[in-house]
Each structure stands twice: as structure tokens, then as C-alpha cells.
Amino acid sequence: MPFPGGLWWLLCCRQGFTLLRRDYGEADREADGEEEEEEASFELRAQGDQGSLEVSLSQPTRSSSGSERSLLVAEEMRSLIVEKGPGPVEDDPDALIKGWLQREVRGGVKTPWIRPRKYWFVLTPDSLDYYSSNEKGARRLGSLVLTSLCSVLWPDKQTYKETGYWSVTVFGRKHCYRLYTERLKEAVRWVCAVQKVIDSKAPVQTPTQLLMRDVEEHCGSPEVLEQIYRCNPILRYTSSPLYAPLLPFPYGSLDQSAPGPRSYTALRDEAVKLFNSLQQLESERDPVPLMQGVLQTCLDLPPLVDEIYCQLVKQTTEPPAPGGQGDLHYWQLLTCMSCTFLPSPPVLRFLRFHLDRTESRFPASEMAEYACFIREALGKTKGRECVPSLEEILVLMRRQEMICTVHCPGAPACSVAISSHTTAQEVAQELVSRLGLSQSPNLFALYEQSRRREHPVGSATLLADVLTSLAGEEREQDPPCRLCFKHYGFLDTDNVPRDSLEFALLFEQAHEMVLRGYVPTSEETLQTLAALRLQSLNSDFSTHAPFPRLEELFPPQVLHARLPAPCHRPPAKCRGARLRAGLLAGGLWGQALAKQRAERDQRLRGRLREEGASTMAAILEKWKLLQGMGRPEAMAAYVALVREWPGFGSTLFDVDVRASPVGAAPQRLWLGIGAKAVSLYKPGEPEPLDSFCYSRISSFGASDSGTFRISVEDWDLLFETSQVEEIAQLLNTYLASAAARQPPLSPEPAPSPAASDPTALPRGLCPTAGPWQHQPPVGSFHSQPGARCGPAGCS
């Protein structure tokens with residue numbers, strides 16, 4: 001049914017009014033609003049404009065005087081913006097670049113019924129202006145003042161795919177220009193020109209930064225300092241909200257979203273939100289979760305670290321109730337910040353001055369105790385990978401140390417007092433000294449151990465970060481994760497005294513290798529090893545002795561290898577047969593097939609129980625034959641059997657090896673890293689496929705995050721593994737130990753066995769053929785050959 005004539009007239013008039021509003025009314029309002037907004041929101045000061053200290057810089061609030069602010073803003077804007085009259089656009093001598101661009105208005109460029117409007121844009125050394133046309137006498141519709149805090153986004157290919165336009169986005173303080181063009185070259189030209197203007201601007205400083213510099217200059221004059229604090233409320237505690245950050249942040253949202261589930265807005269907005277969170281600390285009964293949230297935000301957004309330090313210094317300066325609950329909460333958060341993040345040098349100097357001022361004004365107080373603790377922490381903090389856990393925050397609030405429990409295989413667990421700055425190497429050195437292992441030539445380290453994985457902790461890793469990550473995994477795993485103290489590098493396993501604690505550690509580590517299947521030997525020998533393990537645990541055979549599970553005595557993969565391989569029915573040849581099989585599997589016969597699979601799995605489990613029972617019976621028979629053997633003798637016999645394998649003492653890694661040039665399919669092998677050589681084993685075979693002493697290795701490193709490369713003479717070996725960092729660290733450790741133990745070369749060295757037979761493994765370390773070409777990969781342990789080696793590895 002056709003529309004009535006009145007409705008057609010109304011629609012036409014409405015569209016006509018919309019066009020008129022876009023052409024005239026909206027442009028006027030838009031231009032006036034932008035200029036007013038830019039003037040009203042200008043709060044910062046250029047670096048070259050250094051005013052007198054007599055000007056009072058107060059806390060920015062909504063109720064500030066409009067006349068005073070307008071006067072100050074007008075003077076500052078006149079120094080930054082060049083006045084332009086209504087003269088010809090084409091005759092502007094300050095124009096750097098000009099041209100037609102489309103600007104997004106109201107609905108945006110993605111809205112088909114409101115297309116972007118084309119304007120004539122002119123870039124000058126001070127601003128980005130746009131006009132209604134390029135004709136003489138055209139009126140300026142808007143202007144964006146460019147400062148060092150402005151930012152510009154490069155053209156986005158995704159936007160071009162969605163809209164057909166290349167975008168250029170220029171961020172100002174309160175608004176941004178989203179410009180579009182159909183040509184990529186033109187968009188790049190505008191981006192480069194705008195960025196060049198932004199880079200040419202002097203850095204902008206906030207009143208807080210200017211006052212920090214003044215405080216540093218007059219730190220020796222108490223009268224001047226008191227006048228500065230008295231005349232500038234922005235340096236003191238406030239109960240009012242903060243509407244602008246204390247430090248300058250770039251406009252826009254460039255690289256401000258942290259990876260993961262958390263999402264953040266612009267840095268300026270996050271800084272204001274964090275100040276509101278700080279004010280909530282004063283009335284919180286349990287401030288620990290809120291403190292951890294603030295620390296997590298600072299970890300995700302590192303530019304906010306200085307801002308939070310300045311906010312905390314502000315809120316702890318002349319509070320209404322010094323030493324009260326709210327004031328101490330600020331000091332406790334400042335303590336956690338000092339143990340987690342290190343501020344920039346200017347903020348660090350201002351913070352230390354604040355700590356000294358607090359101690360002098362409130363001696364022998366709780367605040368002075370926190371100030372002393374924070375000063376000591378700032379001298380040790382180097383940055384954290386994780387925010388402190390809830391337990392660590394509680395300990396820091398009391399200015400105490402944490403207790404770390406380290407498990408030692410074959411020995412009681414050790415409790416070590418640590419701080420937020422203690423490294424894994426320091427704990428390993430303390431355990432080496434406490435357990436009497438200082439004279440051992442072997443190397444020790446801390447390990448993160450769980451049911452799924454075990455890997456060494458880097459020597460420079462903060463133990464507080466390790467405990468935080470382990471605390472998060474404990475909620476998901478059973479048994480929980482824990483820290484262990486074990487052998488890391490085997491330099492001499494033959495001369496370990498049998499009655500020493502180190503031999504007990506060696507025995508436990510050898511047993512772990514057996515259970516993981518990393519000791520290729522016969523099943524008869526594995527049963528003998530299990531019997532020796534029982535003799536070392538329970539002494540002579542007894543039916544009343546505690547009996548461990550079979551998985552704790554015998555490698556389970558050997559039992560699984562006895563089971564018959566599942567038979568796979570060959571695929572149907574004709575298309576009709578495949579179709580009928582698919583219909584039967586998904587139709588009425590689906591339940592019958594599922595029942596058959598369940599019955600087959602049940603038979604396999606029954607077969608596995610039978611194999612386990614027979615293996616356990618054989619182990620018990622061998623255990624009975626060990627009647628009268630003591631625990632030291634059983635441990636010594638166990639280690640002697642394991643040492644018969646030539647690869648004992650090497651750390652094995654599961655790798656997929658490729659020979660260069662890439663052509664063949666990868667092959668699963670064991671990569672053995674030892675003190676004398678690097679060996680390749682086929683899983684389950686005792687003899688190595690090949691061995692390379694270190695003199696034949698010209699270089700090694702990571703090709704990428706999952707590939708490790710070893711160059712042997714003119715042959716490159718590529719290993720695909722998820723343990724690239726561990727392999728690199730272990731190789732560096734052995735090289736550093738060899739360099740420390742190698743005696744100086746004589747003028748005429750005697751020929752070594754490796755010189756005549758490069759494939760033979762010498763009894764000692766092969767001398768290096770030349771300088772190492774090792775290039776440490778990105779993200780790996782940065783220990784260099786020749787570095788001193790400690791108990792926890794290379795430093």
C-alpha cells in the first residue's frame with residue numbers, strides 16, 4: 001500500500017533537515033565544541049615553559065574556578081596555537097601537507113546510510129585542521145592541537161577489508177580524528193607526517209613532575225620544602241577523587257590491552273580508576289585482595305608503575321590520621337610495590353626523599369619501620385614475573401620472611417627462610433652448605449616437580465615467583481606440586497662415598513630414571529632393581545612390611561608393552577560399504593559398538609592386572625633371595641646395576657630429530673647431555689647411535705621456540721622439543737664447569753685419543769678445537785661459556 005502523501009513529505013523533509021544539519025548546523029557545533037573542549041581540557045605544560053614556584057598548583061577537582069582556569073588556559077593555548085584568520089586556505093605558509101580526507105561522523109564509516117564526509121585537511125607544525133573546502137576563504141571547522149602526548153595509528157588492513165577505506169586515526173586528549181582514504185600510499189603519507197610533527201614537540205610535564213624536580217632541587221632547604229608542600233595540595237593527601245593522572249600518558253589506547261582474560265581501557269582512565277581503588281583501602285577490613293588487584297594491574301600495564309608510586313606517596317604525605325588503619329594500608333601497599341616493581345630514576349629519587357622525610361618527622365613509629373623496610377627492598381628489587389601471592393602479601397604486611405619447604409629425595413625436607421628477592425641459586429647454595437655437599441664435584445639445583453612434569457629452576461629465578469606459580473597449580477593437581485633439591489650435573493659419579501647423603505640423592509635419582517624408562521636394560525634386571533629397592537626400603541622380606549605400589553617399583557611402560565596391539569579393521573574399499581559402516585556406527589548399532597569397545601578395554605585392563613601380578617610375584621621371589629643384605633649394600637648394588645648402562649650420568653631429553661637439509665620424516669630419539677659428550681639414543685636401546693664430544697660441536701642454539709640446533713663440524717642437527725631452554729642451560733653449565741676445571745695448556749700438548757679417533761669417547765673432557773660460536777637464543781638462559789658455576793647452575 002503506498003504511503004500517504006503527508007508521510008512522504010515528512011520523510012523528505014527529515015532527510016533534507018539532516019543534510020542541512022550536516023552541512024551547516026552540525027559543523028558549527030562540532031567545530032566550536034572541539035575548540036572549546038581542547039581549550040578546557042588543556043591541563044599540562046610544555047617542558048620549556050617553566051613557571052615560578054609561587055603559582056599554587058592545586059588538586060584538580062570539578063569545582064575549580066572557571067574564570068581562573070580560563071585565564072590560565074588562554075595564556076597557555078596562545079603559546080601553542082598559531083592564530084589563523086579567515087584567509088585563503090591555499091595561501092597558508094605553515095601547511096606541511098594538505099589534501100582531501102573523509103572523516104568518520106556520528107554513525108561511523110561502517111554505517112551504510114551515513115557515509116563519511118569529505119573535508120579539506122591541513123597539517124601544520126602545531127595542529128591538524130580541517131575545512132569545508134579548499135577554496136579561498138573557506139572556514140575552518142575544527143582543529144586538533146598536536147603535542148608530544150598525541151598518537152597516530154597506522155592503516156589497518158582489517159578495516160580496509162571491512163570498509164574499503166584505509167584508516168588514519170589521530171588521538172587527542174578528549175577526542176580523536178578517524179580519517180579515511182581509498183589509497184594506501186596517501187594514508188601512509190599522512191601518518192608519517194603527523195608522527196613527525198608529534199616527535200618534534202617538546203615533552204610535556206605535569207605539575208606533579210615539576211614539583212618533584214623542585215623538591216629535589218631544594219631538598220637541603222627545609223623552609224622552602226615546607227612552603228612547597230603547604231602551597232601545593234597536589235602533593236598531599238586528599239579524600240577527593242582524582243580526575244586526571246599525576247603523570248603524563250599518551251592519548252589513545254595504543255598497546256594498552258594486556259594479554260589474557262583481563263581487558264583494560266586507556267592508560268589515563270586506568271590511572272584514575274586505580275586511585276579510586278587506593279582510596280577504598282582506607283575502609284577495607286581485608287585489603288589483601290584489593291592490593292593484589294592493584295599489583296596485577298601494574299604487572300599488566302608497566303607504564304602505570306610510576307603513577308601508582310606517585311599516588312601512594314601523595315596519600316601518605318600529611319594524612320589526617322598518621323599511623324591510623326587507613327594510612328598503614330597505604331604503607332603496606334607501598335611495601336608490596338617496592339618488593340615487586342622498581343620505579344624510574346626520577347620517581348625513585350622522589351620516593352627515597354619521601355621515606356627520609358617520613359622517618360625524620362615520625363621517628364620510632366610504624367610508618368618509619370615501613371619506610372626503612374621499603375628503602376632496603378628498593379635496593380634489591382629487579383622485577384618480578386608474577387605478582388605476590390596472598391600469603392606473600394600477608395608476610396610483607398608484617399615485614400617478615402617467608403618459609404619455603406624444599407624436599408630432598410632420600411633425606412628429610414628442609415625449611416628455608418626466604419624473602420621476595422631470594423633467588424634459586426642462593427637457596428641451592430644454602431642447602432649445599434647445610435647438607436654437607438660443599439666438597440662434591442657434582443652440581444645441584446632446585447626442581448619444580450609435579451606428577452606431569454619436572455624441570456630445573458633457573459639460577460637467577462626468584463623463588464617467590466616459583467612459589468606463586470606452584471600455589472596456583474596446587475589447586476588443580478593431586479598430588480600438589482613441590483620444590484625438590486637434586487643433582488643437576490653429574491661430573492663424577494664414581495667417587496661418591498656410599499655412606500654420604502649425596503649417595504642417597506644419587507640412588508633416588510637413579511630410581512627415578514628407571515621408573516621413567518630412561519635406563520634401557522632387560523626385564524630381568526628391572527625386576528632385580530625392584531627387589532633391591534624393596535630391600536632398601538623394608539630390609540628383609542616380611543608379609544607385614546609396608547608394600548608400595550608396582551608403579552613405584554617397576555616402569556609401567558614395560559607392562560603396557562606386553563599387551564597386544566589393538567587390531568584396526570581395514571577400511572572399506574567401496575563407497576557403499578563405507579556409507580553402510582557410517583550409518584551403522586551412527587544408528588542403532590552405535591550402542592553395540594560402544595559396548596564392544598568397553599568390553600575390549602575391560603579385557604585389556606584385566607590382562608594388565610594379570611601381567612602386574614606375575615611381575616610382582618617375580619619381584620617378591622627375588623626380594624626373598626636378598627635376605628640379610630643391609631640398606632647401604634642394597635643401595636650400592638642398585639646404583640652399580642644402573643651404572644652399567646653407558647649413558648648413566650647423562651640427562652635425557654625426548655626429541656624429534658631432523659637431519660639438514662630437511663627431507664626425511666622426524667625420528668623420536670633420546671638426546672643425552674653429559675659432562676663429556678652429547679649422545680643420541682634410540683629409545684629402549686642401551687648403545688648410542690652416535691656420540692659427539694664437545695670439540696666436534698662448532699655451535700649450538702635455538703632456531704625457534706621449539707627447535708634446538710647443534711652443528712657438528714659440517715653437519716646440522718635439528719631437534720624438535722619443548723625443552724629448548726633446559727637443553728641450552730645444561731650445555732652452558734657443562735661448558736662453564738669444563739672451562740673452570742681445565743688446566744692451562746702447555747706449549748706442546750700431547751696428542752689426545754680423540755685426535756686419532758674423533759668418534760671415540762675419551763676418559764677426560766675433549767679439548768676444544770677453537771673458540772665457541774654459541775649464540776644464546778631469545779628467551780633462553782643467558783649463561784655464557786666460561787661463567788662461574790654455582791650449585792644451582794651457571795650464573
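**Exercise 1. A positive phi in a loop**

In which loop does S539 lie? Find the loop, then give the backbone angle and the accessibility of S539.

Solution. The model is a predicted one.
- Step 1: S539 sits in the loop between α17 (523-538) and α18 (556-562).
- Step 2: Phi of S539 is near 65°, a positive value in a residue other than glycine.
- Step 3: The relative accessible area of S539 is 38%. Buried requires under 20% and exposed over 50%, so S539 is partly exposed.

**Exercise 2. Another loop, another positive phi**

Place E713 between its flanking strands, and classify its accessibility.

Solution.
- Step 1: E713 belongs to the loop between β20 (707-712) and β21 (715-720).
- Step 2: Its phi is near 55°, which is positive, and E713 is not a glycine.
- Step 3: E713 has 48% relative accessibility and counts as partly exposed.

**Exercise 3. The chain as a whole**

Summarise the protein chain by secondary structure, burial and contact range.

Solution.
- Step 1: Count the elements. The protein chain has 23 helices and 23 strands.
- Step 2: Assess burial. Of its 795 residues, 46% count as buried.
- Step 3: Take contacts between residues at least 6 apart in sequence. Of these, 67% join residues at least 24 apart.

**Exercise 4. Two nonpolar cores**

Which residues touch the most other members of the largest nonpolar core? Then follow W331 outward, and look for a second core.

Solution.
- Step 1: The largest nonpolar core holds 57 residues. L295, Y309, L312, W331, L333 and M337 touch the most other members.
- Step 2: Leave out residues up to four places away in sequence. W331 then touches T316, H354, L355, T358, M367, Y370, A371 and I374.
- Step 3: A second, separate core has 37 residues, including L559, Y638, F648 and Y681.
- Step 4: Set this against the general pattern. In soluble globular proteins, nonpolar side chains tend to be buried together.

**Exercise 5. Packing of α11 and α12**

Describe how α11 and α12 pack: angle, axis distance, handedness and contact residues.

Solution.
- Step 1: Helix α11 covers residues 345-361 and helix α12 covers residues 366-378. They pack at an angle of about 150°, with axes 9 Å apart.
- Step 2: Angles over 145 degrees count as roughly antiparallel. α11 and α12 are therefore roughly antiparallel to each other.
- Step 3: Their crossing is left-handed.
- Step 4: α11 contributes L348, L351, R352, L355, D356, T358 and E359 to the contact. α12 contributes M367, A368, A371, C372, I374, R375 and L378.
- Step 5: By class, the contact residues are 9 nonpolar, 1 polar and 4 charged.
- Step 6: Link back to W331. Its contacts include L355 and T358, as well as M367, A371 and I374.

**Exercise 6. Packing of α16 and α21**

Carry out the analysis for α16 and α21.

Solution.
- Step 1: Helix α16 (residues 501-515) packs on helix α21 (residues 631-643) at an angle of about 50°, and the axes are 10 Å apart.
- Step 2: That angle makes α16 oblique to α21.
- Step 3: α16 passes α21 in a left-handed crossing.
- Step 4: From α16, F503, A504, L506, F507, A510, H511 and V514 take part. They meet M635, A636, Y638, V639, V642 and R643 of α21.
- Step 5: The contact has 11 nonpolar, 1 polar and 1 charged residues.
- Step 6: Y638 also appears in the second core.

**Exercise 7. Buried side chains with polar or charged groups**

Locate E270, Q332 and Q449, decide whether they are buried or exposed, and list their contacts outside the four neighbouring places in sequence.

Solution.
- Step 1: E270 is in helix α7 (residues 267-280). At 7% relative accessibility, E270 is buried. E270 touches Y264, T265, L301 and L304.
- Step 2: Q332 is in helix α10 (residues 325-338). Its relative accessibility is 9%, so Q332 counts as buried. Q332 contacts M291, Y370 and M397.
- Step 3: M397 is itself buried, one of the residues of helix α13 (residues 390-397). After α13 comes R399, with a positive phi near 55°.
- Step 4: Q449 is in strand β12 (residues 443-449). With a relative accessible area of 13%, Q449 is buried. Q449 touches E454, C481, R482, C484, K486 and E512.
- Step 5: Compare sequence with space for Q449 and L470. They are 21 residues apart in sequence and 9.4 Å apart, C-alpha to C-alpha.

Conventions
Residues are numbered from 1 along each chain as its sequence is written. This is a predicted model: local features need pLDDT of at least 70, side-chain atom pairs count only at pLDDT 80 or more; totals for chains, interfaces and linings use all residues. Side-chain values use heavy atoms; hydrogens and water are left out. A nonpolar core is a set of buried Ala, Val, Leu, Ile, Met, Phe, Trp, Tyr and Cys residues joined through side-chain atoms within 4.5 Å. Buried means under 20% relative accessible area, exposed over 50%, partly exposed in between (1.4 Å probe, protein chains only). Contact means heavy atoms within 4.5 Å. Axes are lines fitted to C-alpha atoms, for helices over the stretch in contact, and angles run from 0 to 180 degrees between N-to-C directions. Helices (H or I, at least four residues) and strands (E, at least two) are DSSP runs, numbered from the N terminus. Angles under 35 degrees count as roughly parallel, over 145 as roughly antiparallel, 65 to 115 as roughly perpendicular and the rest as oblique. A crossing is left-handed if the near helix is turned anticlockwise from the far one by less than a right angle, and right-handed if clockwise. Ala, Val, Leu, Ile, Met, Phe, Trp, Tyr, Cys and Pro count as nonpolar, Asp, Glu, Lys and Arg as charged, and the others, Gly among them, as polar.
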